[in-house]
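Me: I am learning how the words used for protein structures are justified, and I would like to go through one example slowly. Could you take my questions one at a time and show how each value leads to its conclusion?

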Amino acid sequence: MKLEAVELRQVALPLVSPFRTSLGTQTVRTALLVRVLTDEGEGWGECAAEDEPTYSPEHLAGAADVIRRFMLPALAPLDLDPAAVGTALRHLRGHPMAKAAVEMAVLDCWLRARRTSLAAHLGGVRQRVRVGVSVGIAETVDALLDTVDRHLTAGYARIKLKIEPGWDLEPVRAVRETFGAGVMLTVDANTAYEPGDLRHLAKLDAFGLALVEQPFAPDDLHAHAALAARMDTPVCLDESITSARDAAEAIRRGACSIINIKPGRVGGYLEARRIHDLAQANGVPVWCGGMLETGLGRAANLALASLPGFTLPGDISATERYYHRDITRPFVLDGGELAVPAEPGLGVLPEEAGLEACTTVVDTVSCAF
Ligand code: OSB
Ligand code: MG
């Protein structure tokens, strides 16, 4: 498969409600879409990078730049297949989200041409997956309880509460006491705590959480291992895991017993599958994280979450939880589950009108270098 041209498109989708985490507040999801045009047809990818490098060191404009200046010239001369993308980009240090977006577009194109779904290609075993919802930091505990009530009524299989110092024990206790022991509840700190907060965090054991996600800095496996040794609640890593090698090291050091897999953070769906395989071999459950994706990323994440080791509900919520209008057909919650797209490639395409309405920049790069 030969690249002929690549469209780098920036879109801006207003969120239905502001999303506040320990990293900041988002009201709009700006995203970078990658559309590859090849001799075998076209394919779409979505870059997980956000406007600002807060969750990850990457940012949207930087991702577009590194794709245009360094990745496309390296890929243009090649006869491509999905696995060849990672190999051809290995000499470029970092930039996993940019790499993942390009690999995703090539995967989509290549699988469409072969009439195979991404789920089938990755080794998915489920047609539907149970999903959860990630609930931001609220203004008040009452406002949080209203939001959680709405999501539980909608049928979500798991509630994840964002926490930070000053917004942890009290809201978590309130949610547990209000909705009872039957609700699968987790917390995510997005690195907001210091190693000295260990004793404080261990108090979360009182609330029967399914896991505590990434309390400490990405490179502090030691603090996570110390917390895991001291808490009954399983420790889950998100930001710390950027490759299968990281995952192996974190497991070996006892820094986590559950892993949140985000394809963008780890450089693509193929590396995500390698982490899944390694975790499964070590008896470590995994689940699919989210980055407020558009319908394109959501479709691909559902394919990944259909693999057998994804035993916990992922952050793959219905479209209406994020956007009034998405760029693809909406994903609708049904009995706490979303359907895994079965059509070739990602199984969804952007809808022309919706796509144009939210596009802010389009840059078409010819691959006749
Ligand atoms: O830490 O999981 C995270 C969104 C943006 C950046 C980081 C995170 C999140 C979420 C939202 O928690 C998950 C979703 O897409 O629903
Ligand atoms: Mg997280």
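**Reasons behind the words**

Me: Why is Arg115 called exposed?

Reply: The model is a predicted one, and in it Arg115 has a relative accessibility of 64%. A residue counts as exposed when that value is over 50%, so Arg115, at 64%, is called exposed. Arg115 is placed in the loop between α3 and α4 (118–122).

Me: What makes the phi of Arg115 worth pointing out?

Reply: The phi of Arg115 is positive, at about 55°, although Arg115 is not a glycine. Thr191 can be described in the like manner, with a positive phi of about 70° although it is not a glycine. Thr191 is found in the loop between β7 (185–188) and α7.

Me: Why does Thr191 count as partly exposed?

Reply: The relative accessibility of Thr191 is 23%. Buried would require a value under 20% and exposed a value over 50%, with partly exposed in between, so Thr191 at 23% counts as partly exposed.

Me: Which word, buried, exposed or partly exposed, applies to Ala113, and why?

Reply: Ala113, which lies in helix α3 (residues 96–113), has a relative accessibility of 38%. That value lies between the limits of 20% and 50%, so Ala113 is partly exposed. As for its place in space, the C-alpha atoms of Ala113 and Gly62 are separated by 30 Å, with the two residues 51 apart along the chain.

Me: What is the matching argument for Thr147?

Reply: Thr147 has a relative accessible area of 22%, and because this is not under 20% and not over 50%, Thr147 is partly exposed. Thr147 belongs to helix α5 (residues 141–154), and its C-alpha atom is separated by 9.5 Å from that of Gly136, 11 residues away along the chain.

Me: Why is Leu60 called buried?

Reply: Leu60 has a relative accessibility of 2%, and since the word buried applies under 20%, Leu60 counts as buried. Leu60 lies in helix α1 (residues 60–75).

Me: Which residues is Leu60 in contact with, leaving aside its neighbours within four places in sequence?

Reply: With those neighbours left aside, Leu60 is in contact with Gln10, Thr30, Ala31, Leu32, Ala49, Glu50 and Asp51. A contact requires heavy atoms within 4.5 Å. For one of these partners, Thr30, the C-alpha atom is separated by 8.0 Å from that of Leu60, although the two residues are 30 apart along the chain.

Me: Which residues of helix α6 are buried, and what covers them?

Reply: In α6 (residues 169–179), the buried residues are Leu169, Pro171, Val172, Ala174, Val175 and Arg176. The elements covering them include α5, β6 (159–162), β7 and α7. Just after α6 comes Gly180, with a positive phi of about 90°.

Me: Which residues of helix α8 are buried, and what covers them?

Reply: In α8 (residues 221–230), Leu221, Ala223, His224, Ala225 and Leu227 are buried. Their cover includes α7 (198–202), β9 and α9.

Me: How do you know which residues are protein donors of the magnesium ion (ligand 2)?

Reply: A donor atom of this metal has to lie within 2.8 Å of it. Asp188 (OD), Glu213 (OE) and Asp238 (OD) lie 2.1 to 2.3 Å from the ion, so they are its protein donors. Their spacing in sequence is D-x24-E-x24-D. The pair of Glu213 and Asp238 links distant parts of the chain, with Glu213 in strand β8 (residues 211–213) and Asp238, 25 residues apart from it, in the loop between β9 (235–237) and α9 (244–252). Both Glu213 and Asp238 are buried.

Me: What makes the whole protein as compact as a globular protein of its length?

Reply: The protein has 13 helices and 13 strands. Its radius of gyration is 20 Å, close to the 21 Å that the globule rule gives for 369 residues, so the protein is as compact as a globular protein of that length. Its C-alpha trace spans about 60 × 40 × 35 Å along the principal axes, and 58% of the 369 residues count as buried.

Note on methods: Residues numbered from 1 in each chain as written. Chains lettered and ligands numbered in written order. Predicted model: local features only at pLDDT ≥ 70, side-chain atom pairs only at ≥ 80, totals over all residues. Heavy atoms only, no water. Helix = DSSP H or I, 4+ residues; strand = E, 2+ residues; numbered from the N terminus. Rg over C-alpha atoms; globule rule 2.2 N^0.38 Å. Buried < 20%, exposed > 50% of the residue type's maximum accessible area, 1.4 Å probe, protein only. Donors = N, O, S within 2.8 Å, 3.2 Å for Na, K, Ca; no water.
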